[in-house]
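Please take the protein shown below and follow its chain from the strands to the helices and on to the packing between them. The paragraphs after it introduce each term where it is needed.

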Amino acid sequence: MTEEKEEEELKPWEQHSRVISIPRFDYNSPSSLLQRSHSGFLLTCTIKREKSATKEAISILHKRLESSNTAGDSKRRKVCTDDMGGKCADGAEINSIEEDSAGGGLQKNECHSSVKTATNAETDFDMSLVKLTRNGLLLLTFPREHSPNTINIVSNIFQSLGSGSLKSPVWCHRIFPIQATCVLKEKELQATVSKLVLQFVNDEQNKLSRPVKFAVGYNRRGFEEKQNKIPKDTKDSDVLALLDRNKCFTVVAAAVKEVVSDSAVDLKSPELSVLVELLPISGLPSELLVVGVSILPQKLVTTKPRLSIRALVSGTNAKNG
């Protein structure tokens, strides 16, 4: 059997496993996300297929991240990590493909897990895999403050899917580009939204009409679980208030209008969409919540049945996202 024929008969997970290994969770991420803003990607995927989806996501993102890095050679590279032992997104123990029976030996405080490109250049690109409390979700963040443009990367993915140069993903449903993260508090959320909206309107590539039409989306994944775990003495705090959808909409809309006074809400065809995603990060104190925020152009969103990032594949597989 030829190698090409053998690869065609392999399942998607097995094809990815030839060049990709799943990294360990970065247990430093929760504290890091509380200290400063991060950019990255939140992906929805088939539940109980997080391991396959992680491999698929790394495969999809690898070339886009590689092309955004001007340094380094152009030859085909493998994604690898120093230690492959650990846990996958659905909580099962995972190991490297070559050492499937070997357990990971690092302690939690020794484990800084990232997705790295193995290359002769010294400028390896890496992302951290963050452990979440919900199945069907993956979170990859950039550990550095200066990171690639996540909006452009996701736009490039859709262009590649449209041209046929990228095969339709099997396990990943949606890729939400996170431009910034912040603690879920009114001042922090307002400041984050205002900064990102200002960047959006100042970008010459974004042609806006007057008044500027905008919409706000708020996804509270794991909201019920989080609400029940918040201590009673913080029930009247800013945290609980912003878990309310209407309160969050009010805060975000005010931040938009502060930057663009000539603006109006348009839920059918917004020119810019502010999407706020509650990130169910494992290891955070119950009273501290972190959200991912992005300002998306019209081409990357869908307004039906509700405002959200476009699905990578149309059809039944995308509905779970």
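Two strands are said to pair if DSSP finds at least two bridges between them, and the strands themselves (E, at least two residues), like the helices (H or I, at least four), are DSSP runs numbered from the N terminus. The model is a predicted one, in which local features need pLDDT of at least 70 and side-chain atom pairs count only at pLDDT 80 or more, while totals for chains, interfaces and linings use all residues. Residues are numbered from 1 along each chain as its sequence is written, and side-chain values use heavy atoms, with hydrogens and water left out.

The secondary structure of the protein comes to 10 helices and 15 strands. Of the 321 residues, 48% are buried, a word that here stands for under 20% relative accessible area, with exposed meaning over 50% and partly exposed the range in between (1.4 Å probe, protein chains only). Contact means heavy atoms within 4.5 Å, and among contacts between residues at least 6 apart in sequence, 76% join residues at least 24 apart.

Strands S1 and S8 pair in the antiparallel sense over 6 bridges, and in S8 the bridge partner of Thr 44 is Arg 174. Strand S8 is mostly covered, with 7 of its 7 residues buried.

Elsewhere, an open sheet of 5 strands follows the order S9-S13-S12-S10-S11, with mixed pairing. Strand S9 (180-183) and strand S11 (263-265) stand at its edges, each with a single partner strand, so one side of each has no neighbour in the sheet. From one strand to the next the twist averages 30 degrees, where axes are lines fitted to C-alpha atoms (for helices over the stretch in contact) and angles run from 0 to 180 degrees between N-to-C directions.

Within this sheet, S10 (residues 212-219) pairs with S12 (residues 272-279) in the parallel sense over 6 bridges; Tyr 218 has Val 276 of S12 as its bridge partner, and Asn 219 has Glu 277 of S12. The pairing of S10 with S11 is also in the parallel sense, over 3 bridges, and Phe 214 stands opposite Val 265 in S11. Because 7 of the 8 residues of S10 are buried, this strand is largely enclosed by the rest of the structure. Helix H9 (residues 245-259) lies across S10, S11 and S12 and runs at about 145 degrees to S10.

How do the nonpolar side chains gather in this model? A nonpolar core is a set of buried Ala, Val, Leu, Ile, Met, Phe, Trp, Tyr and Cys residues joined through side-chain atoms within 4.5 Å. The largest such core has 46 residues, and those with the most contacts inside it are Phe 41, Ile 157 and Ile 281. At least two residues of this core come from each of S1, H4, strand S6 (126-130), S7, H5, strand S8 (172-178), S12 and strand S13 (290-297), and H5 supplies the largest share, 6 residues. Apart from this core lies another, of 31 residues, among them Val 239, Leu 240, Val 252 and Val 291.

Aromatic rings of Phe, Tyr and Trp (its six-membered ring) pair if their centres lie within 6.5 Å, and planes under 30 degrees apart count as stacked, over 60 as edge-to-face and the rest as tilted. By this rule the count comes to 1 aromatic pair. The rings of Phe 41 and Phe 142 have centres 6.0 Å apart and planes at 65 degrees, so the pair is edge-to-face. Phe 41 belongs to strand S1 (residues 40-45), whereas Phe 142 lies in the loop between strand S7 (137-141) and helix H5 (150-163), so the pair ties together parts that are 101 residues apart in sequence. Both Phe 41 and Phe 142 are buried.

Two polar residues on the helices complete the tour. Arg 64, in helix H4 (residues 50-68), counts as buried at 10% relative accessibility, and, leaving aside neighbours within four places in sequence, Arg 64 is in contact with Ile 153, Asn 156, Ile 157, Ser 160 and Leu 166. Ser 155 is found in helix H5 and is buried, with a relative accessible area of 9%. Not counting residues up to four places away in sequence, Ser 155 touches Lys 299 and Leu 300.
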